[in-house]
Amino acid sequence: CNTSEHYSVAYYRAHLHELLHHWQQAYDDYLLAFHLDSAETGAGISLARLQAGCPDATVRDADKAVENANTMCVRTNWNDWVAISVLGAAYAEAGDYDSAIKYAIMALELA
């Protein structure tokens with residue numbers, strides 16, 4: 001995978017790794033997919049979701065999760081409830097529960 005045309009390959013491979021609980025491989029492939037075509041928000045949202053709440057603590061990174069989820073919310077004009085819910089989860093992972101609740105409510109209202 002080395003061109004934007006390979007985005008889907010990396011994205012779906014990441015999803016399959018996630019289903020198999022191969023967390024680091026899923027993370028790596030979501031990151032690859034994001035780099036292959038950063039205009040697509042699916043990989044960015046999934047990457048932020050793993051950074052916010054992966055069962056493997058070595059994959060979690062609250063600060064990057066907040067940064068990446070916020071970027072995906074901006075890219076979707078704050079109209080994607082999934083991206084906003086991931087932002088809420090990222091804030092919860094970071095310990096900012098007021099922001100987590102704010103974005104969880106916003107996501108629920110959009111959903």
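In the predicted model, Lys-64 and Glu-67 both lie in helix 4, where a separation of three residues places them about one turn of the helix apart. These two side chains form a salt bridge in which the closest N and O atoms are 3.7 Å apart. Lys-64 is partly exposed, with a relative accessibility of 34%, and Glu-67 is likewise classed as partly exposed, at 44%.

The pair in helix 4 is one of four salt bridges counted in the model. Another joins Arg-49 to Glu-18, with 2.4 Å between the closest N and O atoms; here the partners belong to distant parts of the chain, Arg-49 to helix 3 and Glu-18 to helix 1, and are 31 residues apart. Arg-49 is partly exposed at 33% relative accessibility, whereas Glu-18, with a relative accessible area of 13%, is buried. A further salt bridge is formed by the side chains of Arg-60 and Glu-93, at an N to O distance of 3.3 Å. Because Arg-60 is located in the loop between helix 3 and helix 4 while Glu-93 is located in helix 5, this pair ties together parts of the chain that are 33 residues apart in sequence. Arg-60 has a relative accessible area of 30% and is partly exposed, and Glu-93 also counts as partly exposed, with a relative accessibility of 34%.

The largest nonpolar core comprises 33 residues, among which Tyr-30, Leu-50 and Leu-87 touch the most other members. At least two residues of this core are supplied by each of helix 1 (7-19), helix 2 (23-36), helix 3 (42-53), helix 4 (62-75), helix 5 (81-94) and helix 6 (97-110). Helix 2 provides the largest share, which amounts to seven residues. For Leu-87, once neighbours within four places in sequence are set aside, the contacts are with Val-66, Ala-69, Asn-70, Cys-73, Trp-78 and Tyr-103.

Helix 2 was also examined on its own. Its buried residues are Trp-23, Ala-26, Tyr-27, Asp-29, Tyr-30, Ala-33, Phe-34 and Leu-36, and the elements that cover them include helix 1, helix 3 and helix 4. Of the buried residues in this helix, Tyr-30 is one of those named above for touching the most other members of the core. At 1.5 Å a residue, the 14 residues of helix 2 should span 20 Å, and the end C-alpha atoms are 20 Å apart, so the expected span and the span in the model agree.

Aromatic side chains form five pairs by the ring criterion applied here. Tyr-11 and Tyr-12 make up one of these, an edge-to-face pair with a centre-to-centre distance of 5.2 Å and an angle of 80° between the planes. The pair formed by Trp-78 and Tyr-103 is stacked, because the ring centres are 5.9 Å apart and the planes lie at 25°, within the limit of under 30 degrees for stacking. Trp-78 is found in the loop between helix 4 and helix 5, and Tyr-103 in helix 6, so that their pairing ties together parts that are 25 residues apart in sequence. Trp-78 is partly exposed, with a relative accessible area of 29%, whereas Tyr-103 counts as buried at 11% relative accessibility. Both Trp-78 and Tyr-103 are also among the contacts of Leu-87. Ring pairs further link Tyr-7, Tyr-11, Tyr-12 and Tyr-30 into a cluster, and Tyr-30 is in addition a buried residue of helix 2.

A disulfide is a covalent bond between the sulfur atoms of two cysteines. The count of disulfides in the model is zero. Cys-54 takes part in none, since the nearest cysteine sulfur, that of Cys-73, lies 20 Å away, whereas a disulfide requires the two sulfur atoms to be within 2.5 Å. Cys-73 is likewise in no disulfide, its nearest cysteine sulfur being that of Cys-54, at 20 Å. Both side chains belong to buried residues: the relative accessible area is 1% for Cys-54 and 0% for Cys-73. Cys-73 is, moreover, one of the residues in contact with Leu-87.

Terms used
Residues are numbered from 1 along each chain as its sequence is written. This is a predicted model: local features need pLDDT of at least 70, side-chain atom pairs count only at pLDDT 80 or more; totals for chains, interfaces and linings use all residues. Side-chain values use heavy atoms; hydrogens and water are left out. A nonpolar core is a set of buried Ala, Val, Leu, Ile, Met, Phe, Trp, Tyr and Cys residues joined through side-chain atoms within 4.5 Å. Buried means under 20% relative accessible area, exposed over 50%, partly exposed in between (1.4 Å probe, protein chains only). Helices (H or I, at least four residues) and strands (E, at least two) are DSSP runs, numbered from the N terminus. Contact means heavy atoms within 4.5 Å. Rings of Phe, Tyr and Trp (its six-membered ring) pair if their centres lie within 6.5 Å; planes under 30 degrees apart count as stacked, over 60 as edge-to-face and the rest as tilted. The expected span of a helix is 1.5 Å times one less than its number of residues.
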